[in-house]
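This report introduces a protein chain to a reader who meets it here for the first time. The sequence and the model are shown below, and the description follows them.

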Amino acid sequence: MHHIRNFSIIAHIDHGKSTLADRMIEMTKTVEERQMKAQLLDGMELERERGITIKMQPVRMRYPLPEQLRSRCQSDMATFNLIDTPGHVDFSYEVSRSLAAVEGTIVLVDATQGIQAQTTANIYLALEQDLVIIPAVNKIDLPHARTKQVKEELSAMLGVAEDDIFEVSGKTGEGVDQLLQAVVEEIPPPQNNSFLEEQTVTTLQNNPFRALIFDSSYDPYKGVIAHVRVFEGSIKRDEDMYLLAKEQRGHVVEAGIFAPDHISTETLSAGEIGYLATGLKDMEQVRVGDTVVSFTERDQVIPIAKYHEPRPMVFVSIFPENADEFATLEDALGRLKLADASLTYEREAKEVLGKGFRCGFLGMLHLEIITERLRREYDLNLVVTTPSVSYRVETADGELLHVYTPSDLPDPSHIETIWEPWVRAEVLTPTEYMGGLMTILEKSRGMFQNTEYMNLLKLSESFTRR
Ligand SMILES: Nc1nc2c(ncn2[C@@H]2O[C@H](COP(=O)(O)OP(=O)(O)OP(=O)(O)O)[C@@H](O)[C@H]2O)c(=O)[nH]1
Ligand SMILES: [Mg+2]
């Protein structure tokens, strides 16, 4: 296990995560040269079309170690499990789930853009998980790169020396090898971060099997496929597994790793990231955040700490144009939800539009992507209502209702109290934008509370390098 490093790449949208992952995949010869293409890990049609990452994607790579790092890894090859993450705020739930499966992360900042909103937000997520952070400035090949300035900003924000910030180009490959060496040096080998006490590698491997489901997908033959990070023990193909939260028994139809395509292996062991085909057909039974254990050891193991449930922000109703397609729509939503736990839906019926679903999304891009996938991948013609937020109404006889459209509001004489959602927002901005920002906030009915000058070193107090 000393040779394994699990890490992710996090950044603001378009700062070059997937392109950097390409160079790493190339340098480690994970994928044959003729199969290589730009942003290889963005496999979904919509991801390729729009040039954005929507789903996190793990990939295992084998890296030949330079002489000086071999004793540290007790091997001449390192095994990397890299998770590429999306940068758009609507998909930040993907980022937080990926971070629970790794020990460290590379924070990438575009040298022409500098620190942006999701740079800061994602750094906070990584700090919450107590991960080792390796900062790097990307796109240094561009003529208008402000590499030095961006390094200064990052150094002030993280409280690290400028010399400890890497300079890379995901396009030309410059600096990527040094970054991979830093991953080996600075990110610890797999640990059991759900236990406080230090555990040795041997106890981790000999303990009962325990793995966290951080994502899932579906295969018509192998059933629901759980993407897992194994924290302790090991599991073999054909063993019986057990899902602790759902109290569900399953069978390991196949175990394997991401290369980035699924490659079957006999076992999955402590420290590894891979997949388990469960043989279960019902998508509801395999939930992201659940703990997988071995069926025979199910009484000896406690669950791994769960994720926060994501809160939908935007609600719309979706109806099939053709009422016969209601069942297809229900099945399609179920399948999409399987790989995207942040999507919520419940049945609803409207006089004019018939039977459909009230769906909740994390934001407008999330809504757009899901409806587009329903249309393309399931060939559905849909009627989608205008997005709204939900109101809470307490009626005169004490009943609590969630109201999504004005037409569902009870008669005013029956309303005791009505609540609308409020957001407590903290906005980080350079001082020169303060004036304009205040005007926008006032226009959006914002109530100003206070201004704080960001103590840039505040973050660094909780930022420690291991
Ligand atoms: N010149 C230059 N362009 C780069 C570099 N890295 C990425 N790009 C370009 O920047 C754009 C965005 O790159 P991606 O790798 O898709 O960015 P990302 O961070 O994965 O984006 P999301 O996953 O959508 O958040 C693409 O057009 C890349 O070709 C670099 O080092 N130099
Ligand atoms: Mg990407």
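Over how many bridges do strand β21 and β22 pair, and in which sense? In this predicted model, strand β21 (residues 391–395) pairs with β22 in the antiparallel sense, over four bridges. One residue pair illustrates the register: Tyr391 has Val403 of β22 as its bridge partner. These strands belong to an open sheet of three strands, ordered β22-β21-β23, with antiparallel pairing. The edges are held by β22 (400–403) and β23 (415–419); each has a single partner strand, so one side of each is left without a neighbour in the sheet. From one strand to the next, the twist of this sheet averages 25 degrees.

**Domains**

The domain assignment divides the chain into domain 1 (4–186), domain 2 (202–297), domain 3 (314–384) and domain 4 (423–465). Between domain 1 and domain 3, the C-alpha centres are 34 Å apart. Contact between these two domains involves seven residues of domain 1 and nine residues of domain 3. On the domain 1 side, the touching residues comprise four nonpolar, one polar and two charged residues.

**Nonpolar cores**

The largest nonpolar core contains 83 residues. The residues with the most contacts inside this core are Leu82, Val107, Ala136, Ala226, Val228, Leu276 and Val292. Strand β8 (residues 223–232) is its greatest contributor, with six residues. Where does this core lie with respect to domain 1 and domain 2? Residues of both domain 1 (4–186) and domain 2 (202–297) enter this core, so it lies between them. A separate core of 16 residues lies apart from the largest one; Ala332, Tyr345, Leu362 and Ile370 are among its members. As a general background, nonpolar side chains in soluble globular proteins tend to be buried together.

Val228 shows how one core residue is surrounded. Beyond its neighbours within four places in sequence, Val228 is in contact with Ala211, Leu212, Ile213, Phe214, Gly274, Tyr275, Leu276 and Val292.

**The eight-stranded sheet**

Eight strands make up another open sheet, in the order β11-β10-β16-β7-β8-β15-β12-β13, with antiparallel pairing. Its edge strands, β11 (248–251) and β13 (262–265), each pair on one side only. The twist here averages 40 degrees from one strand to the next. Within the sheet, β8 and strand β15 (residues 273–277) pair over five bridges in the antiparallel sense. His227 has Tyr275 of β15 as its bridge partner. Helix α9 (residues 326–339) packs on the sheet, where it touches β7 (210–219) and β8. The direction of α9 makes about 145 degrees with that of β7.

**Strand pairs compared**

The following table gathers four antiparallel strand pairs of the model.

| Strand pair | Bridges |
|---|---|
| β2 and β3 (residues 77–84) | eight bridges |
| β18 (residues 344–350) and β19 (residues 354–361) | seven bridges |
| β8 and β15 (residues 273–277) | five bridges |
| β21 (residues 391–395) and β22 | four bridges |

**Enclosed elements**

Why is strand β2 described as largely enclosed by the rest of the structure? Six of the eight residues of strand β2 (residues 57–64) are buried, so the strand is largely enclosed. In its pairing with β3, Arg60 stands opposite Asn81.

Helix α4 (residues 92–99) is likewise largely enclosed by the rest of the structure, because eight of its eight residues are buried. These buried residues are Ser92, Tyr93, Glu94, Val95, Ser96, Arg97, Ser98 and Leu99. Their cover includes β1 (4–11), β3, β4 (104–110), α5 (117–128) and β7.

**The hairpin and Lys355**

A hairpin of three residues joins β18 to β19. Across this pair, Ala349 has Lys355 of β19 as its bridge partner. Is Lys355 buried, partly exposed or exposed? A residue counts as buried when 20 or more other C-beta atoms lie within 10 Å of its own, and as exposed when there are 12 or fewer. Lys355 has 15 other C-beta atoms within 10 Å, and is therefore partly exposed.

Leaving aside neighbours within four places in sequence, Lys355 is in contact with Ala323, Phe326, Arg347 and Ala349. Of these partners, Phe326 stands 29 residues from Lys355 in sequence. In space, the C-alpha atoms of Lys355 and Phe326 are 7.0 Å apart.

Key: Residues numbered from 1 in each chain as written. Chains lettered and ligands numbered in written order. Predicted model: local features only at pLDDT ≥ 70, side-chain atom pairs only at ≥ 80, totals over all residues. Core = buried A, V, L, I, M, F, W, Y, C linked by C-beta atoms within 7 Å. Helix = DSSP H or I, 4+ residues; strand = E, 2+ residues; numbered from the N terminus. Domains from an automatic or database assignment. Pairing = 2+ DSSP bridges. Axes fitted to C-alpha atoms, helices over the stretch in contact; angles between N-to-C directions. Nonpolar A, V, L, I, M, F, W, Y, C, P; charged D, E, K, R; others polar.
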